[in-house]
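User: Please take a close look at how one strand is paired in this model, and work outward from that strand to the rest of the chain. Where the reasoning needs a cut-off, give it.

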Amino acid sequence: MSEQIELFKASINKSWQNFYEAMPTLLFAMLVFGLGLLLIKKFKSFAYIIIDKKSKDPLVSDFLVNVISLVLTIFLLVISLSILGFGEITDKILAGAGITTFIIGFALKDIGENFLSGIIMAFKRPFRIGDLIEINNFKGKVTNMSLRETLIKTLDGKEVFIPNGMVTKNGLINYTLDDLLRTDFSIGLDYNDDTAKAIDIIEDILKNKEGVLQNPEPYAVIDELATSTVNVKVSYWYMTNNIKVPGTKLRSQIMYSVFKTLMEKGFGLPSDIVEVKMLEK
């Protein structure tokens, strides 16, 4: 028993001596790795500013900076292991990087999916910062984009973080891709009124309303012969970069002008008519 204790003590002493002798190398490797991470972080911020000025696209800049940062971090890890005397196993580490990446990617599938979607969006852009979009029942302006998520500010002021995987998998509406948007509304006229004259009045309002584009030309047409009214559909185009998106104020002004003018001209705007028949017993 005493012999085993002595062997154990000798083993501990030898391990401590080896550790003591390797301490300077270990501290140096840790210092190199720590300083390297700090320099990479500083370089990442500097590189983002430079790349963003060239690309003028935050998503592309984020992608390129993250790739550069990853390559530099792997290179730093290899250098640190070489300082510790593990240069022979760095090749094995690099060789096994593919398998490790697969395992990590499977374990973090959702994160990887969002990251990959961010890369796809960096080169095939469905929208940009400042665009008004609608996705998965969320509608708002894009305020920030990264490789993992897209931030939009809804029309009622909410900040919504949407994973990029959701952006690529779901249907997306971009209201401001070319800064051109059409709006429609309907108004019901009395069957006894002169519908053609009413249409001329409405189109005249559209032609003289500031903010309404004349090319494409605005128009008013009979849309439906309903039970109680002749429904006229009014359509017009406007530039979203000139008026407040989504143009609800402009729409309200046009609807009020049409309503007021038609009423002043003696046109009737009836509600639904219900016919009641009294049957004799």
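Analyst: Two strands count as paired when DSSP finds at least two bridges between them. The model is a predicted one, and the part taken here is strand E1, residues 132-135.

Strand E1 runs antiparallel to strand E2 (residues 138-145), and four bridges join the two. Four bridges satisfy the cut-off of at least two, so E1 and E2 are a pair. E1 also runs antiparallel to strand E5 (residues 172-174), here with three bridges. Three bridges again satisfy the cut-off, so E1 and E5 are a pair as well.

Isoleucine 135 ties the two pairings together. In E2, phenylalanine 138 stands opposite isoleucine 135. In E5, the bridge partner of isoleucine 135 is leucine 172. The link from E1 to E2 is a hairpin with two residues between the strands. Asparagine 136 lies in that turn and has a positive phi of about 55 degrees.

Isoleucine 135 also belongs to a nonpolar core, which is best introduced through the largest one. That largest core has 23 residues, and the members that touch the most others are Ile202, Val232, Tyr236, Ile254, Val258 and Leu262. At least two residues of this core come from each of strand E6 (180-189), helix H7 (195-207), strand E8 (230-239) and helix H8 (248-264). Helix H7 gives the most, six residues. Apart from this core lies another, of nine residues, which includes Ile135, Met145, Ile152 and Ile162. Membership of a core requires burial, which is set at under 20% relative accessible area, so Ile135 and Met145 are both buried. In soluble globular proteins, nonpolar side chains tend to be buried together.

Valine 232, one of the most connected members of the largest core, shows what surrounds a residue there. Leaving out residues up to four places away in sequence, valine 232 touches Phe185, Ser186, Ile187, Leu189, Thr195, Ile199, Ile202, Ala220, Val221, Ile222 and Asp223. Among these, Phe185, Ser186, Ile187 and Leu189 fall within the span of E6, while Thr195, Ile199 and Ile202 fall within that of H7.

Salt bridges are few enough to go through one by one, as a search of the whole structure finds three. Lysine 153 and glutamate 159 meet through their side chains at 3.1 Å, N to O. Lysine 153 is partly exposed at 36% relative accessible area, and glutamate 159 is partly exposed at 43%. Aspartate 156 bridges to lysine 158, with 2.6 Å between the closest N and O atoms. Aspartate 156 is exposed, at 54%, because the limit for exposed is over 50%. Lysine 158, at 49%, counts as partly exposed. Aspartate 184 and arginine 182 form another salt bridge, their closest N and O atoms being 3.2 Å apart. Aspartate 184 has a relative accessible area of 26% and is partly exposed; arginine 182 is partly exposed too, at 37%. Both aspartate 184 and arginine 182 fall within the span of E6.

Toward the start of the chain, helix H1 (residues 2-55) holds isoleucine 40, and helix H2 (residues 58-83) holds serine 69. Isoleucine 40 is buried at 11% relative accessibility, and serine 69 is buried at 15%. With residues up to four places away in sequence left out, isoleucine 40 touches Ser69, Leu72, Thr73 and Leu76. Serine 69, counted likewise, touches Ile40 and Lys44. Isoleucine 40 and leucine 72 are 32 residues apart along the chain, yet their C-alpha atoms are separated by 7.1 Å.

For the chain as a whole, there are eight helices and eight strands. Of the 281 residues, 29% count as buried. The accessible surface comes to about 19,200 Å², with 61% of it belonging to carbon and sulfur atoms. Among contacts with a separation of 6 or more, 60% join residues 24 or more positions apart.

Confidence varies along the model. The average pLDDT is 76, and 68% of the residues score at least 70. Helix H7 has the highest mean, 94, whereas helix H4 (residues 97-107) has the lowest, 49. The helix that gives the most residues to the largest core is therefore also the element with the highest confidence.

Terms used. Residues are numbered from 1 along each chain as its sequence is written. This is a predicted model: local features need pLDDT of at least 70, side-chain atom pairs count only at pLDDT 80 or more; totals for chains, interfaces and linings use all residues. Side-chain values use heavy atoms; hydrogens and water are left out. A salt bridge is a side-chain nitrogen of Lys or Arg within 4 Å of a carboxyl oxygen of Asp or Glu. Buried means under 20% relative accessible area, exposed over 50%, partly exposed in between (1.4 Å probe, protein chains only). A nonpolar core is a set of buried Ala, Val, Leu, Ile, Met, Phe, Trp, Tyr and Cys residues joined through side-chain atoms within 4.5 Å. Contact means heavy atoms within 4.5 Å. Accessible areas come from the Shrake-Rupley method with a 1.4 Å probe; for residues, only the protein chains shown count as cover. pLDDT is the predictor's confidence in each residue, from 0 to 100.
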